[in-house]
Each structure stands twice: as structure tokens, then as C-alpha cells.
Amino acid sequence: MIVFPNAKINLGLNIVEKRPDGYHNIESCFYPVGWSDVLEVIPSDTLKFTTSGIPIPGSKEGNLCLKAFELISKDFHLSPVRVHLHKVIPIGAGLGGGSSDGAWMIKVLNSLFDLGLSVDGMHYYAQKLGADCPFFIENKPVMTRGIGNVFEPVQCSLKGLYMLLIYPDIAISTAEAYQGVQPKTPEHPLLSLLEGERQIWKDKVHNQFETHLFKKYPLLPQIKNTLYEHGAIYASMTGSGSCVYGIFEKETSIDWDPAYKVFAERIKY
Ligand SMILES: C[C@](O)(CO)[C@H](O)COP(=O)(O)OP(=O)(O)OC[C@H]1O[C@@H](n2ccc(N)nc2=O)[C@H](O)[C@@H]1O
Ligand SMILES: Nc1ncnc2c1ncn2[C@@H]1O[C@H](COP(=O)(O)OP(=O)(O)OP(=O)(O)O)[C@@H](O)[C@H]1O
């Protein structure tokens with residue numbers, strides 16, 4: 001079975017408070033985008049995991065694909081599989097690529113082994129893997145609260161518009177990003193801003209991580225400004241960075257430093 005675990009962007013991201021367990025409660029809209037890895041899972045004699053594409057830091061055992069397999073095999077009998085992950089989504093980009101691989105692995109195991117897990121059942125396992133994982137189970141635009149695992153519907157569609165995603169080859173770990181953040185109560189409820197006129201997003205919809213990460217990495221606000229100079233309706237860093245995206249009414253191409261990774265699409269979700 002072959003699937004294409006996709007990335008996400010955050011439309012607005014408020015860090016509301018630090019919790020006693022060290023995590024932070026956030027308020028954000030998660031939106032699926034088409035930048036994708038390739039994940040192949042086939043029945044085999046022994047459990048095997050290989051990767052190609054972008055090198056993934058950390059051990060094989062720490063990879064969320066294998067972690068998903070281990071997690072599900074605690075509750076179900078799974079025969080061995082051969083897993084190959086071709087990594088395309090930049091790492092340390094705020095695109096949730098690793099989380100997506102883990103969540104898609106749960107979905108693959110559910111159908112390959114006929115486990116009969118419902119969406120809620122898959123959420124249960126996904127949230128044990130990481131804060132961003134449950135979103136990728138249903139993979140549709142949603143308002144998230146809690147640590148990113150409590151979902152609420154949002155009437156916000158970007159379908160038919162154009163998206164440019166720019167990864168400037170700066171890896172920022174999620175833990176690093178949260179360390180420098182100052183939680184604060186949002187001035188405006190994000191949900192009503194996102195469901196309102198898109199023209200006001202530029203002034204009112206913020207990713208709170210930008211405050212300290214833009215000071216630390218001045219290249220990031222430069223990329224955001226360039227996107228606005230080329231006519232973006234809205235531009236922002238996604239998640240904990242470093243990827244910056246722009247949303248456009250028409251197809252737009254911009255010359256970037258060749259070291260950057262760029263993904264462009266007509267938004268389909
Ligand atoms: C920035 C976001 O991508 C927003 O979409 C997410 O909040 C990050 O979620 P994630 O990458 O799945 O995060 P995890 O891998 O579960 O956590 C990595 C580390 O980030 C910090 N962390 C993560 C999520 C959260 N809501 N509060 C946190 O403080 C914790 O120090 C944690 O040890
Ligand atoms: N399948 C995987 N792909 C990428 N990273 C993985 C994977 N499994 C585990 N990891 C670990 O997770 C870390 C970062 O993952 P990820 O790509 O989700 O970060 P990110 O792009 O910053 O996303 P976000 O902060 O939005 O979750 C890597 O440094 C790596 O050690």
C-alpha cells in the first residue's frame with residue numbers, strides 16, 4: 001500500500017497558556033497542503049524500515065512510522081511489514097511532516113490489517129504519538145485548541161487560491177520555538193477572524209511564534225515581506241517555523257535563493 005502523507009500550515013497561532021505538564025495550550029487553524037512524503041507499507045517476513053530523500057535526524061526506532069507500528073501492536077496482533085519512507089517535506093519547518101507520517105501509518109495499518117478502528121479510535125493512538133498527529137487522521141481544515149488535539153469546525157476555505165511555501169534551509173525544533181515564547185490571551189478570537197473578511201487577516205491574524213523567531217532569524221521576515229510585495233493576500237510563518245507561506249489570488253512565481261525549497265500549488269482542500 002502506498003500513501004502520500006501531506007504537510008499542514010497554521011492559519012494564525014495563538015499560544016494561550018503554559019500548562020502544568022510543560023506543554024502549551026494553543027489556538028490555531030490547521031490547514032492541509034499538498035507538499036507530501038511517500039510511504040509504502042507491504043507485508044513481509046520481518047519488520048524492516050528504510051528511508052530515502054531528505055535525511056531524517058534521530059534513530060530508526062524514534063521515527064514516528066515505527067513508533068506508530070509499535071503503539072498499535074501493543075493492542076492488536078500485527079504481522080511484520082516492510083516500510084519505506086521517501087522524505088520530501090522539510091524537517092524543522094513547522095509543516096508537521098513527521099506527525100503526518102505517524103498519523104498516515106496508523107491509517108495504513110488500520111486498513112491493511114482490517115483493525116476496524118473508527119476516526120476516534122485512530123485519534124486516540126495519534127495523540128499518543130505527538131501533538132500535531134490527530135489532525136492528519138481526517139486531514140481537513142479545522143480549528144484546534146488544547147495542545148492541538150481538540151477540534152472545532154471552521155468555515156474557512158482557500159480552495160482555488162494559490163499557495164507558495166518557502167523553506168529557507170533553517171531548521172527550528174518545536175521545543176526550541178516553545179522555549180522562547182510568551183503566552184498571552186489573544187486580542188481577537190481567531191475563529192471569527194478566519195470566518196470573516198480575508199482582507200483583514202494581514203493586520204489581525206498572527207502567528208505568535210513570529211515575535212521571537214523573526215528576531216532570531218531575520219531572513220524569515222524578509223521572506224514574508226517579499227511575498228507581500230508580490231501581491232500575497234496573506235503571508236505568515238507556519239507553526240513553529242521556519243517555513244513561510246503566502247496565499248495569492250493568481251499563480252505567482254518569485255525568484256528565490258536556489259538553496260531554498262519552494263512548493264507551489266493551487267489549493268485543493
Ligand atoms: C507548533 C505546532 O506545530 C502547531 O501546529 C505544534 O504545537 C507542535 O506539535 P508537535 O510537533 O506535534 O509537538 P510534539 O512533538 O508533541 O512536542 C515537541 C515539544 O514541543 C513542546 N510543545 C509542543 C506542543 C505544545 N502544544 N506545547 C509545547 O510546549 C513541548 O516542549 C514538546 O516536548
Ligand atoms: N517520519 C519523520 N519525519 C521527520 N522527522 C521525524 C520523523 N519521525 C520522527 N521525526 C523526528 O521529528 C523531528 C521534527 O519533525 P517534523 O518534521 O514534524 O518537524 P516540523 O517540520 O518542525 O513540524 P512541526 O513543528 O509542525 O511538528 C525530527 O528532527 C526527527 O527527529
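**Entry 1: ligand 2**

I started at ligand 2 and counted 23 residues around it, of which Gly-58, Leu-64, Gly-98, Asp-101 and Gly-239 come nearest. I note that this is a predicted model. Next I asked which elements build the shell. Helix H1 (64-73), strand E6 (81-87) and helix H2 (97-112) each supply at least two residues of the shell around ligand 2. Which of the elements gives the most to this shell? I found H2 in that place, with four residues.

I then sorted the shell around ligand 2 by class. Eight residues are nonpolar, 12 are polar and three are charged. I also checked which domains take part. Domain 1 (2-152) and domain 2 (162-266) each give at least three residues to the shell around ligand 2.

**Entry 2: ligand 1**

I turned to ligand 1. Its surroundings hold 19 residues, and Gly-130, Ala-131, Asp-132, Ile-147 and Gly-239 come nearest. E3 and helix H5 (174-179) are the elements that give two or more residues to this shell. By class, I read six nonpolar residues, 12 polar and one charged in the shell around ligand 1. From which domains does this shell draw at least three residues each? I noted domain 1 (2-152) and domain 2 (162-266).

I put a mark beside Gly-239. It is listed among the nearest residues for ligand 1, and it is listed again for ligand 2. I come back to Gly-239 in the entry on E10 and E11.

**Entry 3: the two domains**

I looked up the domain assignment. It splits the chain into domain 1 (2-152) and domain 2 (162-266). How many residues does each domain bring to the contact? I recorded 24 residues from domain 1 and 31 residues from domain 2. The centres of the domains, taken over C-alpha atoms, lie 23 Å apart.

I then took the side of domain 1 that touches domain 2. Strand E2 (6-18) and strand E3 (24-36) each supply at least two of its residues. E2 gives the most, with 10 residues. That side of domain 1 divides into 13 nonpolar, eight polar and three charged residues.

**Entry 4: the sheet with E2 and E3**

I followed E2 and E3 into their sheet. This sheet is open and has four strands, ordered E2-E3-E7-E8, with antiparallel pairing. Which strands are at the edges? I wrote down E2 and strand E8 (150-152), each of which pairs on one side only. Neighbouring strands are turned by 25° against each other on average, direction ignored.

I counted the bridges between E2 and E3. There are 11, and the pairing is antiparallel. For a reference point in the display I picked Ile-9, which stands opposite Tyr-31 in E3.

**Entry 5: the sheet with E10 and E11**

I repeated the exercise on another sheet. It is open too, with four strands in the order E10-E11-E9-E12 and antiparallel pairing. Its edge strands are strand E10 (234-237) and strand E12 (261-266), each pairing on one side only. The twist averages 15° from one strand to the next.

I zoomed in on E10 and strand E11 (residues 244-248). They run antiparallel and are joined by four bridges. Ala-235 stands opposite Gly-246 in E11. What do E10 and E11 form together? I noted a hairpin with six residues between the strands. Gly-239 sits in the turn and has a positive phi of about 45°. So I marked the turn as the place of a residue that is among those that come nearest to ligand 1.

I checked the side chains of E10. Tyr-234 and Ser-236 point one way, Ala-235 and Met-237 the other way. Buried or exposed? I found all of them buried. Helix H9 (residues 219-229) lies across strand E9 (162-167), E10 and E11. H9 runs at about 10° to E11.

**Entry 6: Ala-126**

Last, I looked up Ala-126. I located it in helix H3 (residues 119-129). Why does Ala-126 count as buried? It has 28 other C-beta atoms within 10 Å, and the cut-off for buried is 20 or more.

I listed the contacts of Ala-126, leaving aside its neighbours within four places in sequence. They are Ala-103, Ile-106, Cys-133, Pro-134 and Ile-137. I also took one long span. Phe-263 is 137 residues from Ala-126 along the chain, and 27 Å separate their C-alpha atoms.

Terms used: Residues numbered from 1 in each chain as written. Chains lettered and ligands numbered in written order. Predicted model: local features only at pLDDT ≥ 70, side-chain atom pairs only at ≥ 80, totals over all residues. Domains from an automatic or database assignment. Contact = placed C-beta atoms within 7 Å. Nonpolar A, V, L, I, M, F, W, Y, C, P; charged D, E, K, R; others polar. Pairing = 2+ DSSP bridges. Axes fitted to C-alpha atoms, helices over the stretch in contact; angles between N-to-C directions. Near = placed C-beta within 6 Å. Buried ≥ 20, exposed ≤ 12 C-beta atoms within 10 Å, placed from the backbone.
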